[in-house]
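Trainee: I have a model open and some terms to sort out. Can we go through them one at a time?

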Amino acid sequence: MTDRPNTQKREVVPVLDFGGQTAQLIARRVRDAGVFSLLVAPTISAKELAAMSPRGVILSGGPCSVYEAGAPTCDPAIFHLGVPVLGICYGMQLAAHLMGGAVTSADHREFGRAQLSLMTRSELFAGIPDKTTVWMSHGDQVSDTKGRFETIASTPTCPNAAVLWRDADTNFYGVQFHPEVTHTPHGGEVIRNFLYEICKCKGDWRMSQFAEAAAADAQSRIGSSQVICGLSGGVDSAVVAALLHKAVGTQLHCVFVDTGLLRSGERQLVETTFRDHFKIDLRVVDAERDFLSDLAGVIDPQEKRRRIGHRFIEVFKAAATDIRNAEFLAQGTLYPDVIESGHGHAGTAAGIKLHHNVGGLPEKLGFKLVEPLRELFKDEARKLGELLGLPEQLVWRHPFPGPGLAVRVLGEVTKPRLDLLRECDEILLEEIVAANLYRSTSQVFAVLLPVQSVGVMGDGRTYEHCVAIRAVETQDFMSADWSRLPYDVLARISSRIINEVRGVNRVVYDISSKPPATIEWE
């Protein structure tokens, strides 16, 4: 059993997810504007939507053509719920298709920036210039409104770039462009206009209110039982622990497994924060020897992950059995995890998440699962962490893979190779922080490559390790671009690593984007 959003407690604007790459981004933009939003399956009925008491509904974009066999559709009664509906790209085309308009393949496809001209003023475009840049990504368009829609904006190749339809019980707005992406400069204003000028939202989505409500919900559900939280050293589990400590106090017991695969200073940071500052019952298990024994001689990345996951469950299970009357296990599951694992409200995402620190534990130990962050995006979890008093160096720490440094030591994982990588990583992060680049990069780390190269140090020939530096920028970690770090910063990083870390004579910089590469090397 897991937590589910309780939309009855606040304003909500659900987003019907038709499979568009930016559907998740629409929900983020709505939340950024102060209104709670979540993705729902396109098959949701009008009756189910009405039960959520929505202030409005948004239809996302999607990769299909509305006239294709098997194209996703929605309950036509949604347009007659008496609440405003905004259709974006495919969502606009679908609405036109269902309400009698014509959608056809466009003579001129639009991919990229386009010049939008407003033909008439409406609440949707309040305060927006008569001519503005928007981001288009479509091959189809509404070719004939059949007199049912009023055209309110156009581009040179898309006559019906924005439309509206009002009658006794319908208040529909459609835009062919994507207001949710940053490439549409006034896109945020379009979304805010829909929420506040059209849906008349109050804007009650505040992290302080969420913190109080989530703590109250957790307290009600856990009651007098004991709850275990597995700390990983990352942001998500740390925020869960702080929130549950606020909710149930001494009923919370945290377990931190020192796998020997952690970043430098990770164990000390966790102990200082949770044992010394929050006074939480923290149980640290030193299992380095067991993990390294399991990894001896293993070079296959998936086999590394499998062995680490198996050992983690065994170690965690042993630690958990010492906590009497523990009925709940807390996890730092976030909203993108829910979506990517195929369990989101849209129900259409592929299962991407293959490893989690405590994956499988609820079933193996018979725990009830509590996931108080499963409604939040990563940036929202960070804001909650700050609100709960977590230290900045923990809240804003870059993500770290579940298998730890085992997937950054390419080839066999041994203690000497881990220690060497930790030294390199510590120097790298020191220089990134000193250059004030830590918050502007999403993830920065070093990778120990399974190759050695020839070098000259002093008057002697060397044959030593090569280390790769990886730095990326991303909003959602589903795609990422490599960071254009200043050359002088890269030069200092390289110089320090080669001079200060014995055994390294070459440093390279990874300039691959995701896709086609992944962020981690293994």
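Mentor: Start with contact: it means heavy atoms within 4.5 Å. Keep in mind that this is a predicted model.

Trainee: Which helices do the buried residues of H12 pack against?

Mentor: They pack against helix H1 (23-32), helix H5 (207-222), H6 and helix H13 (392-395). The buried residues of helix H12 (residues 378-387) are Glu380, Ala381, Arg382, Leu384 and Gly385.

Trainee: What makes a residue in H12 count as buried?

Mentor: Buried means under 20% relative accessible area. Glu380 is one of the residues of H12 that are buried, so its value is under 20%.

Trainee: Why are H6 and H12 called oblique to each other?

Mentor: Their packing angle is about 45°. Angles under 35 degrees count as roughly parallel, and 65 to 115 as roughly perpendicular. An angle of about 45° fits neither range, so H6 and H12 are oblique. Their axes are 9 Å apart, and the crossing is left-handed.

Trainee: Which residues meet there, in H6 and in H12?

Mentor: Val235, Asp236, Val239 and Leu243 in H6 meet residues of H12, including Lys378 and Ala381. The residues of this contact divide into 5 nonpolar, 1 polar and 3 charged.

Trainee: How do you know that S11 and S12 pair?

Mentor: Pairing needs at least two bridges. Strand S11 (residues 252-258) is joined to S12 by 6 bridges, so the two strands pair. They run parallel. In one of these strands, S12, Leu282 is the bridge partner of Cys254.

Trainee: What is the strand order in the open sheet?

Mentor: The order is S12-S11-S10-S13-S14, with parallel pairing. Strand S12 (281-286) and strand S14 (368-370) are the edge strands, since each pairs on one side only.

Note on methods: Residues numbered from 1 in each chain as written. Predicted model: local features only at pLDDT ≥ 70, side-chain atom pairs only at ≥ 80, totals over all residues. Heavy atoms only, no water. Helix = DSSP H or I, 4+ residues; strand = E, 2+ residues; numbered from the N terminus. Buried < 20%, exposed > 50% of the residue type's maximum accessible area, 1.4 Å probe, protein only. Axes fitted to C-alpha atoms, helices over the stretch in contact; angles between N-to-C directions. Parallel < 35°, antiparallel > 145°, perpendicular 65-115°, else oblique. Left-handed = near helix turned anticlockwise from the far one by under 90°. Nonpolar A, V, L, I, M, F, W, Y, C, P; charged D, E, K, R; others polar.
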